[in-house]
Amino acid sequence: VDFFTDAESIMAKRVGSQQVFSWPFPEAATVARELKITGRSHAAMGTAPEVWNVMLGLLVDIVPRSYWRNERFSQFMADFSQPLVKATDKWLQLSSPDGVGETHAMRIDVTAEDSNEDVFVSTIVQGHESFRQCVGQSAAEFCIDLLQEQSTDRSGGVSLVEQRYRDEDARKQMIEKMTSTPGTIDYSGAVVTRKAKGATVGPSKMEEVLVLRSMEM
């Protein structure tokens, strides 16, 4: 997967193209369900250097599934791999010309039809210099938003992120916050990367992507 929309962008230089594998992220189904999106959805992930992907694949093939369901075994694997991950991040940071260490990158492709039934693909790429910081900042933004709402609305409960941000305006505001946190190295916005013959226009702003309803992820 190319984690860039422009070959001259910082994402092309820092992340480039990486191999990814199908992964059972529930968001692939729940986002489509909550936002009333039709069509198919697919999620994948990968890591670098490539040796980590190979090791994960071997572990999945060799270790019985019952072991992965065991909390103690999973905790052992997490504790065992943590120093290896930190060492790899440090090595990459020192050896890479641009200081890449734990860079996080995400790409979203949306396939849709316009009013003329021409098919196009709109792509968004986001990158952050630190995966751990990105996760922490994201959790903090959600908590702040929740606390601000509870100052006027005391309704409690547990909900998925996509359930909480079904509303387009609320979703837009949160996306703007999440794509401008400190450490963000690039946010492409929606870019039409492919289109079928006859298609001349497509979404060029986040707002247009958010309101699409007849699309395939």
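# Exercises on burial, helix faces and salt bridges

Buried residues make up 29% of the 217 residues in the chain, and the model from which this value was computed is a predicted one. The chain contains nine helices and seven strands, and its accessible surface comes to about 14200 Å², of which 58% belongs to carbon and sulfur atoms. Among the contacts in the chain with a separation of 6 or more, 63% are accounted for by residues 24 or more positions apart.

## Exercise 1: Met174 and the face of helix 8

Task: Establish whether Met174 is buried or exposed, and determine how the buried residues of helix 8 are arranged about its axis.

Solution, step by step:

1. Begin with the location: Met174 is found in helix 8, which covers residues 168-178.
2. The relative accessible area of Met174 is 6%, and since buried means under 20%, Met174 is classed as buried.
3. The buried residues of helix 8 include Arg171, Met174 and Met178. When helix 8 is viewed down its axis, its buried residues fall within an arc of 70°, so they line one face of the helix.
4. The general background is that an α-helix has 3.6 residues a turn, so residues three or four places apart point the same way.
5. Next, consider what Met174 touches: with residues up to four places away in sequence not counted, its contacts are Glu141, Phe142, Asp145 and Tyr165. The C-alpha atoms of Met174 and Asp145 are separated by 8.4 Å, although the two residues are 29 residues apart along the chain.
6. Finally, at the start of helix 8, a side-chain oxygen of Asp167 reaches to within 3.2 Å of the backbone nitrogen of Asp169.

## Exercise 2: Salt bridges across the chain

Task: State how many salt bridges a search of the whole structure finds, and work out which parts of the chain are linked by the pair Arg166 and Glu34.

Solution, step by step:

1. The search of the whole structure finds four salt bridges. As general background, side chains of opposite charge can pair when their charged atoms come close.
2. One of the pairs is Arg166 with Glu34, whose closest N and O atoms are 2.7 Å apart. This pair links distant parts of the chain, with Arg166 in the loop between helix 7 (161-164) and helix 8, Glu34 in helix 2, and the two positions 132 residues apart.
3. The two partners can then be compared by accessibility: Arg166 is partly exposed, with a relative accessible area of 43%, whereas Glu34 is buried, with a relative accessible area of 10%.
4. The pair also belongs to a network of salt bridges that links Arg33, Glu34 and Arg166.
5. A further salt bridge joins the side chains of Asp145 and Arg164, at 3.2 Å from N to O. Asp145 lies in helix 6 (residues 131-150) and Arg164 in helix 7, so this pair ties together parts that are 19 residues apart in sequence.
6. Within that pair, Asp145 is buried, with a relative accessible area of 17%, while Arg164 counts as partly exposed at 24%.
7. The side chains of Arg107 and Asp109 also meet in a salt bridge, at 3.1 Å from N to O, and Asp109 counts as partly exposed at 29% relative accessibility.

## Exercise 3: Two buried polar residues and a surface patch

Task: Identify the residues in contact with Asn53 beyond its neighbours in sequence, find the side chain with which Arg14 makes a polar contact, and name the residues that form a nonpolar patch with Trp23.

Solution, step by step:

1. Asn53 lies in helix 3 (residues 50-62) and is buried, with a relative accessible area of 8%. Once its neighbours within four places in sequence are left aside, Asn53 is in contact with Gln19, Phe21, Gly46 and Thr47.
2. Arg14 lies in helix 1 (residues 10-14) and is likewise buried, at a relative accessible area of 18%. Its side chain makes a polar contact with the side chain of Thr103, at 3.4 Å.
3. Turning to the surface, Trp23 is placed in the loop between strand 1 (21-22) and helix 2 (27-34), and a relative accessible area of 41% makes Trp23 partly exposed.
4. Trp23 forms a nonpolar patch on the surface with Phe25 and Met45, and together the three have about 270 Å² of accessible area.

Note on methods
Residues numbered from 1 in each chain as written. Predicted model: local features only at pLDDT ≥ 70, side-chain atom pairs only at ≥ 80, totals over all residues. Heavy atoms only, no water. Helix = DSSP H or I, 4+ residues; strand = E, 2+ residues; numbered from the N terminus. Buried < 20%, exposed > 50% of the residue type's maximum accessible area, 1.4 Å probe, protein only. Contact = heavy atoms within 4.5 Å. Patch = residues over 30% accessible without salt bridge, like charges linked within 9 Å, V, L, I, M, F, W, Y side chains within 5 Å. Areas by Shrake-Rupley, 256 points an atom, 1.4 Å probe, with all protein chains shown as cover. Arc of directions from axis to C-beta. Polar contact = N/O pair within 3.5 Å; in protein donor to acceptor, adjacent residues only side chain to side chain.
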